[in-house]
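Work through the exercises below with the sequence and the model open. Each task is followed by a solution in steps.

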Number of protein chains: 2
Amino acid sequence: MNPRRVSKPIQIGGVTIGGDSPIVVQSMTKTDTRDIMSTTTQIKELEEYSCELVRVAVPDHEAAQALKRIKKEVSLPIVADIHFDYRLALAALAAGADGLRLNPGNIGDPGEVTLIAKAAKERDVPIRIGVNAGSLPETGDPMLPIAKQMVAAVLKNIRLLESLDFDRIKVSLKAFDVPTTIEAYQDIAERIPYPLHIGITEAGTPHAGVIRSAVGIGTLLSLGIGDTIRVSLTAHPREEVIAGYEILKSLNLRQRGPVLVSCPSCSRAEVDIIGLAEEVERALAKVAKPIRVAVMGCVVNGPGEARDADIGIACGKGKAVLFKRGEPVGVIAEQDFVRVLMQEVERF
Amino acid sequence: MNPRRVSKPIQIGGVTIGGDSPIVVQSMTKTDTRDIMSTTTQIKELEEYSCELVRVAVPDHEAAQALKRIKKEVSLPIVADIHFDYRLALAALAAGADGLRLNPGNIGDPGEVTLIAKAAKERDVPIRIGVNAGSLPETGDPMLPIAKQMVAAVLKNIRLLESLDFDRIKVSLKAFDVPTTIEAYQDIAERIPYPLHIGITEAGTPHAGVIRSAVGIGTLLSLGIGDTIRVSLTAHPREEVIAGYEILKSLNLRQRGPVLVSCPSCSRAEVDIIGLAEEVERALAKVAKPIRVAVMGCVVNGPGEARDADIGIACGKGKAVLFKRGEPVGVIAEQDFVRVLMQEVERF
């Protein structure tokens with residue numbers, strides 16, 4: 001793990017991104033923004049899953065108007081996602097957006113960006129320059145590798161904002177291709193002081209998309225790159241938030257709820273480890289505290305991993321040794337595994 | 001992405017691991033090895049999912065005997081997983097195992113390792129020195145960080161094997177903790193010339209375990225480290241193989257079947273992208289050829305990503321533009337999206 005890259009923090013609503021603040025988990029609504037009730041409900045659900053920042057597409061003026069009403073109903077800071085039309089950015093600012101996301105691929109006209117930056121500065125609202133491989137500006141050099149084109153598009157917009165004395169900037173450079181994404185972020189990380197929003201764009205449906213995102217986001221984080229993450233999945237946005245926390249938990253960068261260590265099972269296991277782990281996982285889903293629980297199938301790694309966990313069981317034939325904070329505290333019978341384990345989790 | 005670390009290739013059955021051969025996807029049976037029918041069936045199922053190497057636990061002599069019969073029934077090379085008792089390693093070799101895995105945490109006695117190495121050498125069978133954080137040898141220095149203890153345990157066994165003129169070696173150093181695992185592999189990668197088997201041990205149930213594995217394995221691969229991977233999940237081993245290929249595909253290290261690019265959907269989408277992508281994913285599950293398919297919800301990245309794909313659709317209200325090898329070739333109506341897309345996939 002590389003040490004985290006030093007970046008200049010920004011504030012979006014009450015949330016700090018960059019510096020040494022925790023890496024922020026964000027998502028995006030998938031409702032019609034003009035449908036205030038559905039959008040508000042989805043934002044509140046995301047908040048229940050510990051989403052810390054939410055982006056909302058503003059594709060037209062009616063959506064910008066809706067934003068004003070949505071802002072009154074929710075407490076999560078909202079970033080307005082703007083494409084094509086700079087007037088929608090101005091309308092979103094007027095509606096109370098806490099942040100803006102602009103795509104240099106379709107809002108690149110210096111005059112338009114200047115108008116947006118002035119209005120954002122007046123309201124202390126940061127702007128994310130968010131470039132996507134799928135929508136690069138046509139003014140770039142098509143002979144350059146994609147990662148270089150992405151970096152060039154970002155830098156061009158940053159120089160413009162800086163020339164306007166605007167520095168509340170956040171940057172993203174996403175591609176579907178993971179090596180391209182990693183290359184682009186590694187390059188930009190050394191060139192600018194601003195916090196980075198990282199993710200793999202259009203990663204796909206939950207199974208493959210989660211893996212692609214975990215590989216890309218995980219690699220960047222382990223390189224010390226990334227101040228906020230969004231997992232883009234073709235699924236309900238709560239899945240994006242859950243996956244985001246799992247990525248951060250796996251690198252010990254955030255805590256949220258329990259961590260379950262469970263062995264893959266093999267011929268050595270004398271109990272049904274797969275069924276048992278699934279049952280424990282379901283029971284743990286209702287637990288909020290960060291606690292490490294181990295369910296292990298045999299004596300090879302069982303006692304070692306169970307000892308490292310807060311609460312663990314190392315199973316043998318029809319029974320298991322129960323461990324608490326590293327100490328074996330008793331033997332439990334197979335029919336009591338889940339009940340006793342959950343009792344101990346609650347007490348912990 | 002770092003260039004791949006140079007390693008000295010070994011052969012396990014007909015499969016080459018290391019050097020510049022493709023990164024091998026492996027798994028482990030979860031049946032009782034003594035149950036020859038179940039174990040054989042599971043190995044054949046893994047082979048259907050393109051598993052290239054399978055490990056089988058040999059916890060007793062009856063399992064070693066079963067291995068002889070299993071070897072006759074299957075064509076995948078088999079690695080015998082041995083703990084505690086060196087005689088099981090000798091029995092597994094006699095039964096025709098193509099590879100051995102020894103755990104220095106419980107087979108570390110130099111006399112015993114010597115006997116195993118001599119028998120393995122006679123049969124040209126490689127040995128994996130597979131250390132786990134959960135079962136470190138008690139002879140190590142408990143004051144060292146875990147990653148250093150893991151590396152020390154591996155090096156001790158390697159020196160012993162090398163002193164016996166045995167060099168068909170493969171190494172793994174797995175922990176549940178991803179940063180510990182990355183640190184251990186980065187350290188060993190610079191110290192030895194042997195191929196590395198990488199993975200995160202006891203990663204957990206499918207959802208969280210897949211993410212943890214993708215972060216750890218993905219980060220190592222992007223550092224150029226890893227010659228064969230095993231995703232350890234508390235689930236049917238086919239899930240391990242599927243996830244293994246997804247990790248490799250996301251880094252363009254292997255191909256297997258289609259890749260689906262699909263946007264996460266947002267307020268801009270005028271069709272049900274989540275339902276559509278799920279339907280396309282189900283239809284693609286039956287397709288074996290490596291093909292990139294894009295399902296995109298709007299005009300922001302839609303045309304760009306659809307153009308980059310072999311076959312893609314960029315949706316608008318009730319219709320979509322169909323792209324083939326980057327060229328728009330027509331407009332299709334919403335009710336025909338999946339049918340036409342799959343027709344084009346078949347023709348491709």
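**Exercise 1. Decide whether A:Cys266 is buried or exposed.**

Solution. The model is predicted. A:Cys266 has a relative accessible area of 14%. The cut-off for buried is under 20%, so A:Cys266 counts as buried.

**Exercise 2. Find how many disulfides the structure holds, and examine A:Cys266 and B:Cys51.**

Solution. Step one: a search over all chains returns zero disulfides. Step two: the cysteine sulfur nearest to that of A:Cys266 belongs to A:Cys298, 5.7 Å away. A disulfide requires two cysteine sulfur atoms within 2.5 Å, so A:Cys266 is in no disulfide. Step three: for B:Cys51, the closest cysteine sulfur is in A:Cys266, at 15 Å, which is too far for a bond. B:Cys51 is also buried, with a relative accessible area of 3%.

**Exercise 3. Give the strand order of the eight-stranded sheet in chain A and explain why E8 and E9 each have one side without a neighbour.**

Solution. Step one: the open sheet runs E8-E7-E6-E5-E4-E3-E10-E9, with parallel pairing. Step two: E8 (169-174) and E9 (197-198) of chain A are at the edges; each has a single partner strand, so one side of each lacks a neighbour in the sheet. Step three: inspect one pair. Strand E3 (residues 24-28) and strand E10 (residues 228-229) of chain A are parallel and joined over two bridges. Here A:Val25 is opposite A:Ile229 of E10(A).

**Exercise 4. State how chain A is divided into domains and how far apart their C-alpha centres lie.**

Solution. Domain 1 of chain A covers 10-250 and domain 2 covers 259-347. Their C-alpha centres are 40 Å apart.

Methods
Residues numbered from 1 in each chain as written. Chains lettered and ligands numbered in written order. Predicted model: local features only at pLDDT ≥ 70, side-chain atom pairs only at ≥ 80, totals over all residues. Heavy atoms only, no water. Domains from an automatic or database assignment. Pairing = 2+ DSSP bridges. Helix = DSSP H or I, 4+ residues; strand = E, 2+ residues; numbered from the N terminus. Buried < 20%, exposed > 50% of the residue type's maximum accessible area, 1.4 Å probe, protein only.
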